[in-house]
Amino acid sequence: MNGRLLTTPLTVANNTSVPVELLTCFHGDDSFKYRAYTFTYLLLFPVAFLCNIGALVVFFLQSSHRNSASSVVMMNLALSDSSFSLTLPLRLAYYFRGGVWDYPDWLCRVCVYGFYVNLYTSILFLTLLSMLRWLAVAQPLRHRALTTPTRILLVCVGVWLLVGVSSAPFLSQGVTKRDGSPRCFEPSSPSSWGRVLILNYVALALGFLLPFLTIIACYSRIIQRLSTRSSLHRNASSTNACLRNRRRSVHLVSMVTATFLLCFLPYHVIRSLHLHAVCGRWSCGLTKGLQRAVVVTLCLAASNSVVNPLLYYYSTRTFRDNMRKAQRSLSIRGGAIRPGRALMRRRNTT
């Protein structure tokens with residue numbers, strides 16, 4: 001690995017000649033990738049699984065508020081994140097073994113597919129939440145008339161179908177052989193990089209840029225509307241309901257914008273540059289640097305599954321109320337159990 005890189009063309013299974021230098025440059029940094037993914041997924045799995053399963057339980061406990069439009073969207077978002085977290089143990093096992101896949105081929109395909117389904121359903125559900133908040137602030141009467149739980153549930157089903165069908169090409173990325181070992185999460189052949197580049201631009205335009213521009217437009221109107229209201233009521237005493245609504249809107253704006261800027265924007269930008277570097281055969285040093293950047297930004301993109309529960313907590317008052325109720329019920333049960341245990345201990349010692 002430290003010696004001089006060879007440039008003799010290597011013929012792979014699909015009769016495509018690829019320089020050995022390109023393959024060495026691409027796979028010569030696997031140790032960094034495996035360490036970064038192992039560390040990230042070790043942190044993400046317990047937090048993402050417990051927080052999102054807990055969020056689903058809290059949403060189901062909201063018997064009186066479960067039928068709100070925002071709760072329906074957030075339940076689908078939590079379902080997406082909890083489903084993705086279930087694939088992380090398989091990824092961890094793969095990276096712990098140094099990139100050797102000992103599981104069925106279909107599990108490899110499901111893990112690859114699940115990442116992109118989670119990524120783009122999260123983006124679209126956050127966009128839908130932003131549109132609902134904009135409608136509630138700008139046109140509250142129309143919001144009540146249009147955003148019934150049944151309609152929003154149908155829209156969420158449409159999002160699942162759209163993303164599921166659009167991500168179907170990633171099901172073709174199964175187990176491949178490299179250095180005599182079965183590998184997962186790698187393109188099946190060098191020629192497939194061109195297909196991945198095309199898919200990248202489709203996902204970039206429809207799955208990220210269009211939702212991001214929609215969110216910016218919604219939040220610009222929300223901020224404009226809230227500032228107009230504050231100026232109109234500057235000399236009047238604002239009601240607590242208006243203040244709470246404004247606070248929730250500001251929290252939602254801040255959390256969703258931070259999620260897009262931290263988790264989604266860097267990954268899409270760096271992924272596009274890296275694919276151009278590989279397909280255009282840029283210099284090895286630049287390609288390696290972009291590959292490391294892709295690893296870091298992909299870890300940030302995967303972390304959206306632990307950021308979203310913060311969104312539920314800080315932007316939804318009923319969610320916080322149900323969390324407090326659950327904590328109180330657990331503390332009451334714990335207080336009732338402890339005296340009973342103490343009494344049993346006294347009886348056993350007499």
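**Exercise 1. Decide why C111 is left without a bond to its closest cysteine sulfur, and state which cysteines do form a disulfide.**

*Solution.* In this predicted model, the sulfur of C111 lies 6.3 Å from the closest cysteine sulfur, that of C184, which is too far for a bond, since a disulfide requires the two sulfur atoms to be within 2.5 Å. The next step is to look at the partner that C184 does have: C108 and C184 are joined by a disulfide, with an S to S distance of 2.0 Å, and the count for the structure comes to one disulfide. This pair links distant parts of the chain, because C108 sits in helix α5 (residues 105-138) while C184 sits in the loop between β4 (181-183) and α8 (192-232), 76 residues apart. The torsion about the S-S bond is about 100 degrees, so the disulfide is right-handed. As to surroundings, C108 and C184 are both buried, C111 counts as buried at 1% relative accessibility, and C156 is buried with a relative accessible area of 0%.

**Exercise 2. Work out which salt bridges D30 makes, and where its partners lie.**

*Solution.* Begin with the partner in the same helix: D30 forms a salt bridge with K33, the closest N and O atoms being 3.6 Å apart, and both residues belong to helix α2 (residues 30-61), three residues apart, or about one turn of the helix. An α-helix has 3.6 residues a turn, so residues three or four places apart point the same way. Then take the second partner, R178, whose side chain meets that of D30 in a salt bridge at 3.1 Å, N to O. Here the pair links distant parts of the chain, with D30 in helix α2 and R178 in strand β3 (residues 176-178), 148 residues apart. D30 and K33 are buried, and R178 is buried as well.

**Exercise 3. Establish whether R97 and D102, which form a salt bridge, are buried or partly exposed, and then identify the network formed by salt bridges that share partners.**

*Solution.* R97 and D102 form a salt bridge in which the closest N and O atoms are 2.7 Å apart. R97 has a relative accessible area of 49% and is therefore partly exposed, and D102, with a relative accessible area of 46%, is likewise partly exposed. Turning to shared partners, salt bridges join D30, K33, R178, D179 and E186 into one network, and a search of the whole structure finds six salt bridges.

Conventions. Residues numbered from 1 in each chain as written. Predicted model: local features only at pLDDT ≥ 70, side-chain atom pairs only at ≥ 80, totals over all residues. Heavy atoms only, no water. Helix = DSSP H or I, 4+ residues; strand = E, 2+ residues; numbered from the N terminus. Buried < 20%, exposed > 50% of the residue type's maximum accessible area, 1.4 Å probe, protein only. Salt bridge = Lys/Arg side-chain N within 4 Å of Asp/Glu carboxyl O.
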